[in-house]
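Trainee: Could you walk me through one part of this structure up close? I'd like to look at a sheet, and at whatever lies around it.

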Amino acid sequence: GGTLYIVATPIGNLDDMSPRAAAILSRVAVIAAEDTRHSGRLLQHLGISKPMMALHEHNERDKAGQVLEKLAAGQDVALISDAGTPLISDPGFVLVREARARGYRVSPVPGACALISALSAAGLPTDRFLFEGFLPARQGARKTALERLARESATLVFYESPHRIVDTVRDIEQVMGAERELVLARELTKTFETFYAGHAAGVRENIEADPHGSRGEFVVMVHGASAEELSASSAEVDRVLVLLLAELP
Ligand code: SAM
């Protein structure tokens with residue numbers, strides 16, 4: 001059977017395309033892309049012309065079958081997404097799982113990934129981190145998700161869209177406290193790359209004040225709950241328990 005290559009593409013700066021990634025794309029029989037028009041521009045920039053097929057979240061189950069047929073016929077296939085590493089908040093999981101289940105070789109061609117790039121330069125602890133993808137779009141569900149994470153001690157990492165960034169930072173400030181340390185990485189590898197770092201309240205004020213603050217793409221990183229925060233919240237639980245116990249007959 002053929003090999004399925006999982007190929008990372010740039011998250012902004014086209015020079016981040018590795019020579020090996022370009023070589024693989026020019027060698028495979030077909031490229032499965034999230035958006036063929038978008039990826040067509042990258043291929044044109046690289047001087048590669050290849051048959052493409054669209055594989056996005058709405059048709060992944062059907063299209064995975066077509067890719068598996070190519071692999072069965074001994075053809076190599078590359079999977080790319082619009083930007084960064086496929087399967088990281090991007091399509092491809094169904095395909096990779098099926099390809100592996102059927103015994104085909106699946107091989108990564110690593111490159112840009114917004115979450116790893118952001119963490120590597122943020123100055124937050126990286127020994128343990130929890131990537132949560134996108135938070136829920138609706139505020140109620142978003143706050144519930146943040147409450148579930150408020151006592152997590154690992155660094156938290158989220159992807160967020162520009163039109164929700166201010167609301168999300170506000171919710172983090174409300175749920176995890178104005179003092180919680182926060183870093184936003186905006187437009188990584190692009191001309192207007194910016195890091196906003198500080199306490200939640202200060203970061204929120206900064207992006208609200210910056211006329212370009214809520215434009216572009218963001219990675220949101222939150223310092224994990226500190227030992228003091230955890231003991232403060234367990235002291236609060238103790239206090240409530242004592243009050244409740246006092247009410248018992
Ligand atoms: N698979 C991609 C990766 O490897 O990073 C992520 C795809 S996800 C659909 C898109 C999200 O990634 C954006 O909403 C943003 O949160 C983040 N992102 C992508 N490119 C970025 C960049 N240049 N700067 C900051 N965040 C970026």
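Mentor: Sure, let's start with the strands, then turn to the helices and finish with the ligand. Keep in mind that this is a predicted model. The sheet is an open one with five strands, and if you go across it you meet them in the order β6-β7-β10-β8-β9. The pairing is mixed. At the edges sit β6 (129–134) and β9 (194–199), each of which pairs on one side only. On average, neighbouring strands here are turned by 15° against each other, with direction ignored.

As background, strands of a sheet pair through backbone hydrogen bonds, either parallel or antiparallel. Now zoom in on β8, residues 181–186: six bridges join it to β9, and the two run antiparallel. Find Val 183 and look across to β9, where Ala 197 stands opposite.

Next, the helices. Helix α7 (residues 165–176) lies across β7 (155–160), β8 and β10 (218–222), and it runs at about 5° to β10. Helix α8, made of residues 200–209, lies across β8 and β9, running at about 140° to β9.

So what about the ligand? It is surrounded by 23 residues, and the closest are Gly 84, Ala 114, Tyr 159, Leu 188 and Glu 217. Two strands you've already met, β7 and β10, are among the elements that give two or more residues to this shell, along with α5 (114–122). Sorted by class, the shell has eleven nonpolar, seven polar and five charged residues.

Definitions and conventions: Residues are numbered from 1 along each chain as its sequence is written. This is a predicted model: local features need pLDDT of at least 70, side-chain atom pairs count only at pLDDT 80 or more; totals for chains, interfaces and linings use all residues. Two strands pair if DSSP finds at least two bridges between them. Helices (H or I, at least four residues) and strands (E, at least two) are DSSP runs, numbered from the N terminus. Axes are lines fitted to C-alpha atoms, for helices over the stretch in contact, and angles run from 0 to 180 degrees between N-to-C directions. Two residues are in contact if their C-beta atoms, placed from the backbone, lie within 7 Å. A residue is near a molecule or strand if its C-beta atom, placed from the backbone, lies within 6 Å of it. Ala, Val, Leu, Ile, Met, Phe, Trp, Tyr, Cys and Pro count as nonpolar, Asp, Glu, Lys and Arg as charged, and the others, Gly among them, as polar.
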